[in-house]
Amino acid sequence: MKMIRDVIRDTIDEEMARDDSVIMLGEDIVGGMGSPGGPEAIGGIWGTSGGLWAKYGSDRVIDTPISESAIIGAAAGASLTGKRAIAEIMFADFIGVCMDQIWNQVAKFRYMFGGKTKCPIVIRMPYGAGYNAAPQHSQSIHAMVTAMPGLKVVMPSTAADTKGLLAQAIRDDDPVIFLEHKALYGVKGEVPDGDYLIPFGHARQVTQGDDVTILATGMMVGFAEKAAAQLAQDGIGCDLLDLRTTSPLDEEAILDSVERTGRLLIVDESPPRCSFATDLSALVAQKAFSSLRAPIEMITGPHSPVPFARELETAYLPSPEKIVAAAVKAMSYRRG
Amino acid sequence: MQLSREALLQAYRQMKTIRMFEDRLHDEIALGEIAGFTHLYAGQEACAVGVCEHLDAQDFIISTHRGHGHCIAKGCDVVDMMKEIYGSSEGLCKGKSGSMHIADVTRGMLGANGIVGAGAPIAVGAGITAKGTGNVSIAFSGDGACNQGTTFEAMNMAVVLKLPVIFVFENNHYSEHTGESYAVGAESMTVRAAAFGMKAIKANGIDFFSVYEGMREVIDYCKAGNGPASIELDTERFFGHFEGDPQRYRGKGELDRLREERDCLKVFRTKVTEAKLLEGADLDRLDDEVTALIDRAVAESKTATRPTADHVLEDVYISY
Ligand SMILES: Cc1ncc(C[n+]2csc(CCOP(=O)(O)OP(=O)(O)O)c2C)c(N)n1
Ligand SMILES: [Mg+2]
């Protein structure tokens with residue numbers, strides 16, 4: 001059993017050992033550079049890079065000034081010219097500072113350059129609410145990056161998936177946005193030894209059932225699992241899919257499930273407009289319309305920033321109770 | 001320049017209020033009563049107060065993630081600030097902001113800010129508003145924030161537009177866990193600011209009088225229509241980067257030494273009593289006054305109204 005934060009560090013370690021071209025950049029990833037305590041006094045504020053600098057040195061584990069644009073730009077340039085860069089943006093919210101490098105540069109190189117180049121960059125971003133970290137340190141940004149052609153987007157929810165998907169991301173020849181939910185860093189799970197890769201675009205079946213399909217990612221998977229357990233006691237069977245990657249998307253698994261259950265719940269930790277939830281709804285409305293036996297239910301945050309106060313953040317977030325209520329509503333729907 | 005007795009007492013009252021506010025938060029956070037990330041300003045009081053004692057409500061400041069000191073120095077209500085940090089709907093920002101985004105625009109306080117480097121460009125905009133009015137706009141930044149491209153852009157634009165903006169760099173020698181000597185490539189922030197074409201000076205950030213004098217100089221310069229200026233303040237932070245930080249990047253005995261030798265409140269007390277400008281008893285009286293204020297702020301915060309779910313959609317102007 002290993003904590004997800006340790007899985008991240010160990011997977012990067014394994015990939016750096018395996019391939020000399022893998023480098024890492026980010027703020028405070030060594031932690032303590034230029035301080036009396038010295039390098040690795042801390043080892044990254046999330047504990048996801050401890051020991052890597054000691055092992056691989058300053059040329060491969062690059063602690064940077066607070067300069068998100070230059071971090072992503074530098075990672076992009078290195079990845080265009082032979083390296084495989086793993087860039088860390090300390091909080092996903094800071095994507096705003098480096099958006100051009102991600103959106104206009106990294107995401108477009110391969111296409112704009114006529115397919116003659118690759119940019120094997122991984123941008124790791126801790127995201128999500130649950131820490132009362134207020135509007136600028138709590139957001140889920142997957143909808144925004146999923147909407148950008150030229151990026152692959154990964155959102156693991158378990159320790160094993162974190163390993164398989166991160167190794168895959170580092171070996172992938174295209175840009176990958178790797179989203180790590182802050183509230184899951186301390187979660188433990190079994191992790192396969194040795195080389196372990198999970199191909200992108202394959203959902204994980206968490207629970208099986210014939211009544212309701214539930215789609216979730218990241219921290220929402222655990223919430224949905226709790227809801228599914230309770231619903232099972234009430235005789236409602238949930239087909240819960242952890243989508244694992246939002247781009248590529250496992251459309252087949254989603255459609256197969258909805259065709260069986262006829263009811264769809266989408267659990268998403270971000271505001272509801274132009275979101276991942278609306279995207280999934282559109283997919284099902286277009287391609288599985290005739291299977292639907294009830295309106296699609298979206299359990300999302302409201303159309304607001306993530307508020308600070310405990311009560312407000314709790315109200316903002318989806319919860320197992322809200323998922324159960326939505327399932328009951330879908331089950332009781334009768335065509336008028 | 002000689003400060004009046006009232007001005008000296010006010011400066012001390014402000015610095016002491018910040019210190020006690022932060023010390024008390026440190027204790028309350030340890031009790032688990034306060035949610036979220038809190039970055040304490042203790043140790044840097046002479047900076048905020050030395051700057052803001054020159055300002056009135058029509059001058060603008062913008063702050064950082066370490067914003068409590070700037071807010072207090074600019075006149076934000078201390079009780080309402082505390083309530084905000086406790087997440088009450090009676091808080092200065094109704095429990096939406098917490099520690100990291102406290103603002104009171106009516107007092108010219110344009111917000112603490114969770115995005116490092118976001119403040120300086122906004123201060124440029126406030127400088128556009130201030131231009132020609134005799135007021136100034138101040139951007140507080142740290143030694144870490146000075147490395148953001150946004151800060152560079154803001155400095156250049158302020159020079160180009162000849163705006164009354166003052167870039168205050170509080171050099172507490174760390175950005176999170178990283179030493180300033182590692183992350184700041186230039187010899188100093190002052191050298192860098194000067195290279196943008198503005199007046200750039202340094203002052204001693206643990207000495208209120210040094211900060212106050214330095215600020216007088218750059219404010220006069222700005223108000224004379226010369227465009228922006230910068231001041232770098234050598235200072236210290238007494239707590240961790242955020243509450244809960246184990247501070248393993250510090251040297252052995254570093255914090256004890258700083259608190260002993262580089263405490264701006266001690267420096268102030270020694271200076272004013274030795275020069276016989278104030279009596280120790282004057283300062284003790286203020287200590288009691290401030291203690292009572294902070295006690296009241298905490299007591300009221302603990303029983304203040306809590307927000308409810310329907311507040312989430314308030315102030316987004318479009319709800320669904
Ligand atoms: C854009 C952005 N990048 C990184 C961070 C994380 N962060 C918060 S404070 C901080 C260090 C800031 O250092 P400095 O400017 O010296 O201010 P100090 O903390 O010393 O007051 C960092 C890296 C952030 N909040 N925003
Ligand atoms: Mg600093």
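In the predicted model, strand E2 (residues 22-27) of chain A pairs in the parallel sense with strand E3 (residues 61-64) of chain A over four bridges. Within this pairing, Leu25(A) lies opposite Ile62(A) of E3(A). E2(A) is also joined to strand E4 (residues 84-88) of chain A, again in a parallel arrangement, by five bridges. Here Ile23(A) faces Ala85(A) of E4(A). E2(A) thus has pairing contacts with both E3(A) and E4(A).

The strand is mostly covered, with six of its six residues buried. In a regular strand, side chains alternate between the two faces of the sheet. For E2(A), one side carries Val22(A), Met24(A) and Gly26(A), and the other carries Ile23(A), Leu25(A) and Glu27(A); the residues on both sides are all buried. Glu27(A) is therefore among the buried residues of a strand whose two faces are both covered. The two residues named in the pairings, Ile23(A) and Leu25(A), belong to one side of the strand.

In chain B, the magnesium ion (ligand 2) has three protein donor residues, Asp143(B), Asn172(B) and Tyr174(B). The donor atoms are OD of Asp143(B), OD1 of Asn172(B) and O of Tyr174(B), and they lie 2.1 Å from the ion. The spacing of the donor residues along the sequence is D-x28-N-x1-Y. Of these residues, Asn172(B) and Tyr174(B) are both buried.

The number of disulfides over all chains is zero. Cys119(A) takes part in none, and the nearest cysteine sulfur, belonging to Cys98(A), is 14 Å away. Cys119(A) is buried, at a relative accessible area of 2%. Cys71(B) is likewise in no disulfide, with the sulfur of Cys76(B) as the nearest cysteine sulfur at 4.4 Å. Because a disulfide requires the two sulfur atoms to be within 2.5 Å, the separation of 4.4 Å between the sulfurs of Cys71(B) and Cys76(B) does not qualify. Cys71(B) is buried as well, with a relative accessible area of 0%.

As to confidence, the mean pLDDT of chain B is 97, and 100% of the residues score at least 70. For the complex, the predictor gives an ipTM of 0.97 and a pTM of 0.98.

Terms used. Residues numbered from 1 in each chain as written. Chains lettered and ligands numbered in written order. Predicted model: local features only at pLDDT ≥ 70, side-chain atom pairs only at ≥ 80, totals over all residues. Heavy atoms only, no water. Donors = N, O, S within 2.8 Å, 3.2 Å for Na, K, Ca; no water. Buried < 20%, exposed > 50% of the residue type's maximum accessible area, 1.4 Å probe, protein only. pLDDT = per-residue confidence, 0-100. Pairing = 2+ DSSP bridges.
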